[in-house]
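Here's a walk through one protein model, written for someone who would rather think about residues than software. Have the sequence and the 3D view open as you read.

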Amino acid sequence: MVDGVNQMIRSVCSAPPVWTRGLIAALLVGCGGSADTMQPDAAPPRPASIEVSPATVALSALGDTVRLHAEVRDQDGRRMESIAVSWTSNDLTVATVNETGLVAAEGNGAATVTATTGSASGSVTVSVVQVADTVMVTPPTTTLVAGGSVRLLAEARDANGQVVAGAEFMWSSNDTAVAIVDDSGLVLGLAEGTTTVRAFSGRAFGSAEVSVATNPDRAALVALYEATGGDSWARRGNWLSAAPLAAWEGVRVDGTGRVRLLALPENHLRGPLPAELGNLITLEVLILNHNELTGPIPPELENLTRLDSLGLWGSALTGQIPPGLGGLKELRHLSLGFNELTGGIPPELGNLGNLEILHLSANKLTGAIPRELGNLVNLRKLNLQGNGLTGAIPPELGNLRALEEMWLSFNGLTGAIPSQLGNLANLKILNPQFNELTGPIPADLGNLASLEELNLLANALDGPIPPELGNLRRLRRLNLQINQLTGPIPQELGHVDSLERLTLGGNALHGRIPPGLGNLSRLEWLDLHTNALTGPVPPELGNLAGLKGLGLGWNSLTGPIPPELANLSRLEWLNLERSGLSGTVPSWLGDLSDLELLNLGTNPLMGSVPPELGSLARLERLYLFESVLAGPLPAAFLELPRILTFWWHDNTGEPPLCVPEAAAWTNWLAGFEWRGARCSSSGRGTGSDDSVGYPVRPSSLRLQVCSSAPAQGDLFQAVSCSPKGPITMAACLDDGSVLRADIRIERGTLSASAVHREEGGRTAGWDWLMVEQDKLRQMNAQSCPKNRDE
């Protein structure tokens, strides 16, 4: 029986687990046991861990791949076969993985790749570090000049041809006598020759051939040095030396060593400009202002197609402006002023579409202003003053919408002011003074909302002052002097509260002075002289607290000098000559402590001169002539420390105004120019009112008369020794005529009036007198004799 049981047990043990458990339970019941007392089986196997291989992954090129394997084990550590896993990467920019575990390198960095089944997972770190396999240097060949530089670029690629981002390179030159290279790949040419420049990244490298040539710009600079007396330049550091051109004074080069800037202003360059300057084909800036250059502007400059700024201002260049300059499309600044250029303004300059500044002033240019200049849509400043230009102002200039300044003064322009100029919304300065313009002032100028200065001095304009000028709320200076304007002064001018200078003298304006001018709180200068104004001086002018100059002379005003003018505490210049004002000389004038000129001559003023005028410590010129003033001059006048001119002649008071004969007065009079009567012991005037005196000092110049063949451009000054005559400027013109101007010197500044040309003793017309310091050297200084009347 035992053998039978053993055989049964062996059968049970070899039976499948499910029915084995049932059979055992039946045996236990049969033996008096219970199925409930049977012990349970061990848990079924399940995935508990995953091992990924290979354990480390390093890829050296983008696009490289590697196959990962996942081994799944159960809870008892036994390998489980045919268990499916899913694959993931935590950074797809570094590495991707597909469903079979194939990993691909996408970018430099590290990513974790994980295999997962159920709750079990395993992972591996994938590192991607590109390694340069090849290096390419660009450009592969290059040429530069000695002293020039060029930056080479290197690019590394891995074994799959992908760019190695952030690759670092070591640079070298195999001939450092020819060129050197820094850590960034910047190559500096040193001497003529060829060298190989290499860039290394790890074991990979690439190369470029670099040739260094002699700088072609050197010859052009040497030509300039030799043509303009370089040995006498004020500054010439490193010129003609072996140093790179970048080290030469006033020279700047571009990255290739070619000259891009040549600036030698005020450097005593003397002589002609060489044609070789046209070989500086990379030049962007050429500034040679304020030198002593002569001869023509080389037409070869038209080769400088990169030129941005050309400045030849203030020399003695002659000839015509080369039309070829109109082909310099990049030009923004063209300044040729204060030379002796002749001929017309080339219409080709109208092709300079980028031009912002055109400065041709103070030359000898003739002809009309080309209408083509109206094409310069980017022009901001136009300066043509001081030439011999004729004809009308082209209406096309009204197209210059970017224009801020227009200077046309001191020419021979004729015709009307074009109304189209009212379109220039950005215009700040309009100055065509000293021309022969006719017709009315266009009301359209009232549209110039940005205008700050309007100067129409010394033309032949007629008609009324447009009230529309009252719309110019930014206007600071308005000068309409010496024209033929008629009508009243528009009260609308009192609305332009930005005005600082208002000069309307030398016209035929009539009516009363508008009281509204007293609202111009910023006004510093008000000059209404030589008109036909009537009525009293408005007391409102006393509100002009900042006024420094007031001129109301040569009018037909009435009444006394208003006491409100005592509020003008900053007044320096008060001219009421021949204004028609009556009454007495106010004592409060002595409180105007800044006063330097006081002219009350030729008025029906009467009474004595107030001693308070002796308090005017800054007074230099005093005119009390041709009035009804009486009595001796107050002793307080002996305290005037700065008096230069004092006229008190031809007074008809009782007794007439005179200066005492005492020695103190005689000594006082010896210090300045004077004209008037001296007092007798009785206090009455003695001697002629033509008694005059001058200081003995070489402060005046004698008139030099033009010969029959005057030297061109010669300019002479004369100061008349007669107190009746003004200072006269005379210029011998090229055509043999004489240009004369009456001049007053106020505080060191020349002011001219009655400028005219004389031909055979008759006035031929208005013209311009240019005072140039270098042309005044020909004058001979001479003293006027004391007490001489010529």
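The chain averages a pLDDT of 85, and 81% of the residues score at least 70; pLDDT is the predictor's confidence in each residue, from 0 to 100. This is a predicted model, where local features need pLDDT of at least 70 and side-chain atom pairs count only at pLDDT 80 or more, while totals for chains, interfaces and linings use all residues. Residues are numbered from 1 along each chain as its sequence is written, and side-chain values use heavy atoms, with hydrogens and water left out.

Two stretches call for some caution. Over residues 731–737 the pLDDT stays under 50, and the model has 26 contacts for them beyond four places in sequence. Residues 742–790 also have a pLDDT below 50, with 118 contacts in the model beyond near neighbours in sequence. A contact here means heavy atoms within 4.5 Å. Where pLDDT is low, the predicted coordinates should not be read in detail.

**The overall picture**

The chain has 4 helices and 64 strands. Both are DSSP runs numbered from the N terminus: helices are H or I with at least four residues, strands are E with at least two. Of the 790 residues in the chain, 47% are buried, where buried means under 20% relative accessible area, exposed over 50%, and partly exposed in between (1.4 Å probe, protein chains only). Take the contacts between residues at least 6 apart in sequence: 50% of them join residues at least 24 apart.

**Strand 10 and its partners**

Strand 10 (residues 120–128) has two faces. The covered one carries Ala120, Gly122, Val124, Val126 and Val128, and the uncovered one Ser121, Ser123, Thr125 and Ser127. In a regular strand the side chains alternate between the two faces of the sheet.

Strand 10 pairs with strand 9 and with strand 2, and strand 13 has a pairing of its own with strand 17; two strands pair if DSSP finds at least two bridges between them. The table puts these pairings together.

| Strands | Sense | Bridges | Facing residues |
|---|---|---|---|
| Strand 9 (109–117) and strand 10 | antiparallel | 9 bridges | Ala115 and Gly122 |
| Strand 2 (56–59) and strand 10 | parallel | 4 bridges | Leu59 and Val128 |
| Strand 13 and strand 17 (186–189) | antiparallel | 3 bridges | Arg151 and Leu186 |

Strand 9 and strand 10 form a hairpin with 2 residues between them, and Gly118 in the turn has a positive phi of about 60°.

Strand 13 belongs to an open sheet of 3 strands in the order 13-17-16, with antiparallel pairing. Its edge strands are strand 13 (149–151) and strand 16 (179–181), each pairing on one side only.

**Helix 3**

Helix 3 (residues 217–227) has Asp217, Ala220, Leu221, Val222, Ala223, Leu224 and Tyr225 as its buried residues. Strand 20 (251–253) and strand 21 (259–263) are among what covers them. Just after helix 3, Gly229 takes a positive phi of about 65°.

**The disulfide**

How many disulfides does the structure hold? There is 1, counting a disulfide as a pair of cysteine sulfur atoms within 2.5 Å. Cys658 and Cys679 form it, with their sulfur atoms 1.8 Å apart. The link is right-handed, with 100° about the S-S bond. The pair links distant parts of the chain, 21 residues apart: Cys658 sits in the loop between strand 53 (645–647) and helix 4 (663–669), and Cys679 in strand 55 (residues 678–679). Cys658 counts as buried because its relative accessibility is 0%, and Cys679 is buried too, at 2%.

**Two buried loop residues**

Ser579 lies in the loop between strand 47 (573–575) and strand 48 (583–584). With 0% relative accessibility, Ser579 counts as buried. Its side chain reaches the backbone oxygen of Leu576 at 2.8 Å. Leaving aside neighbours within four places in sequence, Ser579 is in contact with residues including Trp554, Asn555, Thr602 and Asn603.

Phe637 is in the loop between strand 52 (628–630) and strand 53. Phe637 is also buried, with a relative accessible area of 0%. Not counting residues up to four places away in sequence, Phe637 touches Val609, Pro610, Leu613, Gly614, Leu622, Phe646, Trp665 and Trp668. The C-alpha atoms of Phe637 and Val659 are separated by 9.9 Å, and these two residues are 22 residues apart along the chain.

Conventions: A polar contact is a pair of N or O atoms within 3.5 Å; within protein, one must be able to donate a hydrogen and the other to accept it, and residues adjacent in sequence count only if both atoms are side-chain atoms.
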